[in-house]
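Visitor: I'd like a close look at the very start of this chain: what packs around it, and how that corner fits into the rest of the model. Take it slowly and keep the numbers in.

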Amino acid sequence: NYILGAGDRVIIDIWGASQSAIEEVISPEGYIVVEGIGPMRIAGKTVTEANDYAKEVLGEVFSESSISLTVGSGRSIKVQVMGEVRTPGSYTVSALSTAFNALYAAGGINSIGTLRAINIYRAGKLLSTIDVYDYILKGKTAGDVRLQDNDVISVGAYAAIVDIKGKVKRPMLY
């Protein structure tokens, strides 16, 4: 479900009757230029959609060949990690990064940060909420979304905390 964008490097492999490899970086306008074919607009498409589009366009020229489009290297995006993290600020991460990756880049959640409701905003609107306890205890990554340029991750302070000690399975702060 990765959406291609300006700065992504794509590789189109052609094999069979013809042998060729085309490697291009998507321009800021969203195009790659294939010699002998012309510009192909692939920004905004998923890798699967771009692969189908490349097969359609290049299949006319390379009719007896197989064609496959892959991502060579992803672009970088900027995200903001704010609130109760060790090092709040702006981070440049891979466009393949998720909210967990950005939280890691910011040094993790500080001692008064909540693990229960970490909010991710896109274009000023709440996109998702992460509960880190679900991840730690059950391995669930619900809410952990792939980030896009200018997303904001906001970690608030915890609402309440309980210190459990003694003969329990998991003595710690909750």
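**Around the start of the chain**

Guide: Let's go straight to Leu 4, which is buried, with just 2% relative accessible area. The cut-off for that label is under 20%, so Leu 4 clears it. Keep in mind as we go that this is a predicted model. Leu 4 sits in the segment before β1, the strand that runs over 9-16.

What does Leu 4 touch, once residues up to four places away in sequence are set aside? The list is Val 10, Ile 26, Ile 42, Ala 43, Gly 44, Lys 45, Thr 46, Val 47, Ala 50, Leu 69, Val 71 and Arg 75. Ala 50 is worth pulling out of that list: Leu 4 and Ala 50 are 46 residues apart in sequence, yet their C-alpha atoms are 8.3 Å apart in space.

Now follow one of those partners, Lys 45. Lys 45 belongs to the loop that links β4 (38-41) with α1 (47-59). Buried or exposed, or something in between? Lys 45 comes out partly exposed, because its relative accessible area is 25%. Apart from neighbours within four places in sequence, Lys 45 is in contact with Tyr 2, Ile 3, Leu 4, Ala 50 and Tyr 53. Ala 50 therefore turns up in the contacts of both Leu 4 and Lys 45, given the contact cut-off of heavy atoms within 4.5 Å.

Tyr 2 and Ile 3 bring us to a pocket, and here the probe idea helps. Rolling a probe the size of a water molecule over the atoms shows where empty space is left. Which residues line the second largest pocket? They are Asn 1, Tyr 2, Ile 3, Arg 75, Ile 77, Ala 95, Arg 146, Leu 147, Gln 148 and Asp 149. Its volume is about 200 Å³, and by class the lining splits into five nonpolar, two polar and three charged residues. Arg 75 links the two pictures: Arg 75 is on the contact list of Leu 4 and also in this lining.

Asp 149 is in that lining too, and from there you can step along to Asn 150. Asn 150 lies in the loop between α3 and β10 (152-157). Its phi is near 70°, a positive value for a residue that isn't glycine. Asn 150 counts as exposed, with 54% relative accessibility. Ala 123 has a similar story to tell: its phi is positive as well, about 55°, although it is not a glycine. Ala 123 is in the loop between β8 and β9 (125-130), and at 73% relative accessibility it counts as exposed. Ala 123 and Asp 151 are 28 residues apart in sequence but 7.1 Å apart in space, C-alpha to C-alpha.

Past that loop you reach β10, and Met 82 looks onto that stretch. Met 82 is part of strand β6, residues 76-83, and it is partly exposed at 32% relative accessible area. Aside from neighbours within four places in sequence, Met 82 is in contact with Pro 88, Gly 89, Val 152, Ile 153, Ser 154 and Val 155.

For comparison, there is also the largest pocket, with a volume of about 340 Å³. It is lined by 17 residues, and Gly 113, Leu 115, Tyr 133, Leu 173 and Tyr 174 lie nearest its centre. The elements that give two or more residues to this lining are β8 (113-122), α3 (132-138) and β12 (172-173), with β8 giving the most, four residues. Its classes are 12 nonpolar, four polar and one charged.

Zooming out, the protein has three helices and 12 strands. Its radius of gyration is 22 Å, well over the 16 Å that the globule rule gives for 174 residues, so the protein is more spread out than a compact globule. The C-alpha atoms fill a box of roughly 70 × 30 × 25 Å along the principal axes. Two pairs give you a feel for that scale: Lys 45 and Tyr 158 are 39 Å apart, C-alpha to C-alpha, and Met 82 and Gly 166 are 35 Å apart by C-alpha atoms.

Leu 4 is buried, and of the 174 residues 33% count as buried.

Methods:
Residues are numbered from 1 along each chain as its sequence is written. This is a predicted model: local features need pLDDT of at least 70, side-chain atom pairs count only at pLDDT 80 or more; totals for chains, interfaces and linings use all residues. Side-chain values use heavy atoms; hydrogens and water are left out. On a 1 Å grid over the protein atoms alone, a cavity is a set of points where a 1.4 Å probe fits but cannot get out, and a pocket is an open set with protein on both sides within 12 Å along at least five of seven lines; lining residues have an atom within 4 Å of a point. Grid points are joined across faces, edges and corners, and a volume is the space filled by probe spheres set on the points. Ala, Val, Leu, Ile, Met, Phe, Trp, Tyr, Cys and Pro count as nonpolar, Asp, Glu, Lys and Arg as charged, and the others, Gly among them, as polar. The radius of gyration is taken over C-alpha atoms; the globule rule is 2.2 Å times the number of residues to the power 0.38. Buried means under 20% relative accessible area, exposed over 50%, partly exposed in between (1.4 Å probe, protein chains only).
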